[in-house]
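Biologist: Hi! Could you walk me through this one? I'm new to reading structures, so plain words please.

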Amino acid sequence: MVYIEINNTHTYKKILFSTLIAVITVIIIPLKDLKADDATSLVFVTSDHCPFCKAWEQQVGQLYDQTPYGKNAPLRRIDISMVATELPDLSPQVIGTPTFIILESGKEIGRIRGYTDADMFYWQLSDYIPAYQ
């Protein structure tokens, strides 16, 4: 065991604060991520050049987190160029945007390809995610 004599209260507070940050970083944040993997989530595969993705962002994306769907399945945006890196086990691969992948406990349970309007999107989403629990 190592004993350090600390004569200064300010130094003691700095060491205590640093230890607290280390504990949060090492223990609490990974637990939060582990819990998130068990939940349902919605992955939005997008592209900067996709007019339908921009329409979805304007009509749905701005408010999605505030909807019952958003509370039951948090949104994660991924550029189509990063799908193979971010979701390596995904099959079949995403070939167009927008694509919405519904994950539960890290496994795909559904997929919505394309976007027409907000009503159709929520209707399709309701097959996989309950609006109210």
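Biologist: Let's start with Cys53: buried or exposed?

Modeller: Cys53 counts as buried because its relative accessibility is 1%. Buried means under 20% relative accessible area, exposed means over 50%, and partly exposed is in between, using a 1.4 Å probe and protein chains only. Keep in mind that this is a predicted model, where local features need pLDDT of at least 70 and side-chain atom pairs count only at pLDDT 80 or more, while totals for chains, interfaces and linings use all residues. Residues are numbered from 1 along each chain as its sequence is written, and side-chain values use heavy atoms, with hydrogens and water left out.

Biologist: And what about Cys50, buried or exposed?

Modeller: Cys50 is buried too, at 5% relative accessibility.

Biologist: How many disulfides does the structure hold?

Modeller: Zero. A disulfide here is a pair of cysteine sulfur atoms within 2.5 Å.

Biologist: Okay, new topic. What does Thr46 touch, apart from its neighbours in sequence?

Modeller: Leaving aside neighbours within four places in sequence, Thr46 is in contact with Cys53, Ile78, Asp79, Ile80 and Thr97. Contact means heavy atoms within 4.5 Å. Thr46 belongs to strand E1, residues 40-46, and it counts as buried at 16% relative accessibility.

Biologist: What do labels like E1 stand for?

Modeller: They are DSSP runs numbered from the N terminus: helices are H or I runs of at least four residues, and strands are E runs of at least two.

Biologist: In what order do the strands sit in the sheet?

Modeller: It is an open sheet of four strands in the order E2-E1-E3-E4, with mixed pairing. The edge strands are E2 (75-79) and E4, each pairing on one side only. Neighbouring strands are turned by 25 degrees against each other on average, direction ignored. For angles like that, axes are lines fitted to C-alpha atoms, for helices over the stretch in contact, and the angles run from 0 to 180 degrees between N-to-C directions.

Biologist: How many bridges join E3 to E4?

Modeller: Six, and the two strands run antiparallel. Two strands pair if DSSP finds at least two bridges between them. You can also look for Glu104, which stands opposite Lys107 in E4.

Biologist: Which strands does helix H2 touch?

Modeller: Helix H2, residues 51-61, packs on the sheet and touches E1, E2 and E3, with its direction at about 140 degrees to that of E1. Helix H5, residues 118-125, lies across E1, E3 and E4 and runs at about 155 degrees to E4.

Biologist: Which residues have the most contacts inside the largest nonpolar core?

Modeller: Those are Leu42, Trp56, Tyr64, Phe121 and Leu125, in a core of 19 residues. A nonpolar core is a set of buried Ala, Val, Leu, Ile, Met, Phe, Trp, Tyr and Cys residues joined through side-chain atoms within 4.5 Å. E1, H2, E3 and H5 each supply at least two residues of this core, and H2 gives the most, with four. There is also a second, separate core of nine residues, which includes Val45, Val83, Leu87 and Leu103.

Biologist: Trp56 caught my eye. How are the rings of Trp56 and Tyr64 placed?

Modeller: The structure holds nine aromatic pairs. In the pair of Trp56 and Tyr64 the ring centres are 6.5 Å apart and the planes are at 45 degrees, so the pair is tilted. Rings of Phe, Tyr and Trp (its six-membered ring) pair if their centres lie within 6.5 Å; planes under 30 degrees apart count as stacked, over 60 as edge-to-face and the rest as tilted. Both Trp56 and Tyr64 are buried.

Biologist: Last topic, the backbone. Where are the cis peptide bonds?

Modeller: One goes from Ser91 to Pro92, with omega near -5 degrees, and another goes from Thr97 to Pro98, also with omega near -5 degrees. Pro92 lies in the loop between helix H4 (83-86) and strand E3 (99-104), and Pro98 is found in the loop between H4 and E3 as well.

Biologist: And why is that worth pointing out?

Modeller: Because most peptide bonds are trans, and most residues other than glycine have a negative phi. On the phi side, have a look at Ser105, which has a positive phi near 55 degrees. Ser105 sits in the loop between E3 and strand E4 (107-113).
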